[in-house]
Amino acid sequence: MSDSSGNSVNKRKKVLLYNPKAVFFDMPLALLAIGSALDPERYDVIIVDGRLTDDPIAEFKKHLDEAVCFGVSVITGAPISDALEVSEQIKKAKPDLPVIWGGWHTSLFPLQVLKDKLFVDITVQGQGEVTFKELVEHINQDIPLDMVNGIAFRKDGVPYKNPPRPMTDMNEFGRVNYDLIDVEAYFSKKKKRQFDYISSVGCFFRCSFCADPFVFQRKFSAISAEKMGEELAYYHSKYKFTDLNFQDETFFTYEKRIKGLALELIKRDLKISWAATMRADQGHRLSEEVWLLCKKSGLRRLLIGVESGSQEMMDWMNKDVKLTQVFHCADKCKALDISVIFPFIVGFPGESDKSVSDTVRVVKKLRSQSKKFETPIFYFKPYPGSAITQEVVDNGYQLPETTDDWSRFDYIGSSGPWVSDEKEAFFENLKFYLKMAYNDKNRITGLPMRALGKWRIKNDRFKFNFEKKIYDRFKRQSLS
Ligand code: B12
Ligand code: SF4
């Protein structure tokens, strides 16, 4: 672009986006999605990731003069602290720059953040692509925000929520521009050329421990197999990844789409492996033909949430999955040599001892079936937006009340009030000995140690756990 005298004039405004510090190095797909929705002729998107830089503020300060807004993607828990710190500093550095928060936390708490933190000006709810595009345009042209659906903002100083925006079909969006991030930096942090991609939004199901039904009202939209095939081939030729990580909540919802995707990957001969999430009922319904096509196209690992080893508990949490379906999937994966992560949750409110011991039994059974199976066990935490959380609140449980409180609410660490110290100690031992007995890459395992681990698990003998004590001491020393 040039002016009348032929000098180059860059009229593009900068849109600054921040991904707060978090665990792991998944690519910031939310920021990529909203950044790619903007017109590149008009906006220069700068994405900074707190996991990759020590000084995000210094990075942003280089661009503040040309910036039109500053956006942050926020999930509930520890990432909020960093989001708060960086947002506050940006506001101090440039008070008239609108600070926008989006993501799961502000989908659940549209107004609380605005009430608590004056340095946040706007929050976005639900899917962000169309909302953000409209919002940036309104800010840039200084148009009032009353007509932008899917946001909350301060109107005459008072937090106010506009009507929600209906879900947009994922097939309407253009290709995500991964050049907005340093893809190689993520490969290097992950220590593998693993590419993150999301092919759907929302979920049709109703699990009562999950926020998805609240945020997306049990709606779902997914990119077609053909579009995925074209996009993935393009990304593959550009970034040369060797593994593909689908971040969808329920990837296997439509069998026809999965079959189409597998055929696309095979036809294009991408020579990659891939991983995705599967519901056990969907895996149970999947035909033998599609299982085989998935394997042939590179399916390496599935994540199949079991949550509980008690059918009664599963039914109580509206999981709509049968344990028999879980074992069916386990058998299939063992036969096809596919790795599986089967996550469990213990310590649901009012969970009986019988239910807990059913979970222990199912964990042990799955773990012993294949060394490619993992069974992480989490303690129930009342994440906001779920039916169970509402129930515990109705029964007097006090949830965090402010944004600062939510920043201290994290999944790591101990259980809630629904697990006794004794049970927690039991599970910490069980988790340790499952690793010792079955993990492939484990420094604490030689054959005798594996055998000892298996014996302890089989007999629930966790007293005099000298191996764990020694391991914990070494771990503490290496961390200090
Ligand atoms: C990748 C991922 C992570 C990564 C985060 C990587 C990162 N970028 O920092 C890691 C592994 C760190 C992670 C961790 C956790 N996660 Co997680 N994670 C996901 C996952 C699978 C994908 C997220 C993603 O990239 N989605 C794709 C993008 C395109 O969608 P999106 O994030 O929803 O973004 C859209 C909108 O929300 C909005 N939007 C988002 N940000 C912004 C910002 C602005 C400015 C705007 C305008 C709009 C906007 O627009 C986007 C495009 O439509 C989701 C499930 C899912 N499929 O979304 C769970 C999910 C986000 N995680 C969840 C949870 C509970 C956790 C954990 C607490 C525990 C756990 N068991 O996983 C931990 C805790 C994190 C911590 N303490 O550090 C919950 C969130 C609940 C909540 N209240 O926040 C989810 C929804 C899973 C679930 N159904 O329960 N997670
Ligand atoms: S746990 Fe998975 S299947 Fe259940 S409602 Fe949440 S996203 Fe859907």
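**Exercise 1. Find which residues are closest to ligand 1 in this predicted model, and sort its shell by class.**

Step 1: Gather the surroundings. Ligand 1 is surrounded by 35 residues, and the closest are V23, S73, T76, E129 and E249.

Step 2: Sort the shell by class. There are 20 nonpolar, 10 polar and 5 charged residues.

Step 3: Look for polar contacts, using the cut-off of 3.5 Å between N or O atoms. A polar side-chain atom of N19 sits 3.1 Å from a nitrogen atom of ligand 1. The backbone takes part too: a backbone N or O atom of G128 is 2.8 Å from an oxygen atom of the ligand, and a polar backbone atom of Q247 is 3.0 Å from a ligand nitrogen atom.

**Exercise 2. Work out where ligand 1 lies with respect to domain 1 and domain 2.**

Step 1: Check the elements. Those that supply at least two shell residues each include strand 3 (67–73) and helix 6 (129–140). Helix 1 gives the most, with 4 residues.

Step 2: Now check the domains. Domain 1 (13–161) and domain 2 (192–419) both give residues to the shell, so ligand 1 lies between them.

**Exercise 3. Describe the surroundings of strand 3, starting with how many of its residues are buried.**

Step 1: Count, taking under 20% relative accessible area as buried. For strand 3, 7 of its 7 residues are buried.

Step 2: Find the partners. Strand 1 (residues 13–19) runs parallel to strand 3, joined by 5 bridges, and L17 stands opposite G71. Strand 4 also pairs with strand 3 in the parallel sense, over 4 bridges; there, G71 has I100 as its bridge partner.

Step 3: Follow the chain. From strand 3 the chain passes through helix 3 (residues 79–93) to strand 4, a right-handed β-α-β crossover.

Definitions and conventions: Residues are numbered from 1 along each chain as its sequence is written. Chains are lettered from A and ligands numbered from 1 in the order in which they are written. This is a predicted model: local features need pLDDT of at least 70, side-chain atom pairs count only at pLDDT 80 or more; totals for chains, interfaces and linings use all residues. Side-chain values use heavy atoms; hydrogens and water are left out. A residue is near a molecule or strand if one of its heavy atoms lies within 4 Å of it. A polar contact is a pair of N or O atoms within 3.5 Å; within protein, one must be able to donate a hydrogen and the other to accept it, and residues adjacent in sequence count only if both atoms are side-chain atoms. Ala, Val, Leu, Ile, Met, Phe, Trp, Tyr, Cys and Pro count as nonpolar, Asp, Glu, Lys and Arg as charged, and the others, Gly among them, as polar. Domain bounds come from an automatic or database domain assignment. Buried means under 20% relative accessible area, exposed over 50%, partly exposed in between (1.4 Å probe, protein chains only). Two strands pair if DSSP finds at least two bridges between them. A crossover is right-handed if, with the strands pointing away from the viewer, the path from the first strand over the helix to the second runs clockwise.
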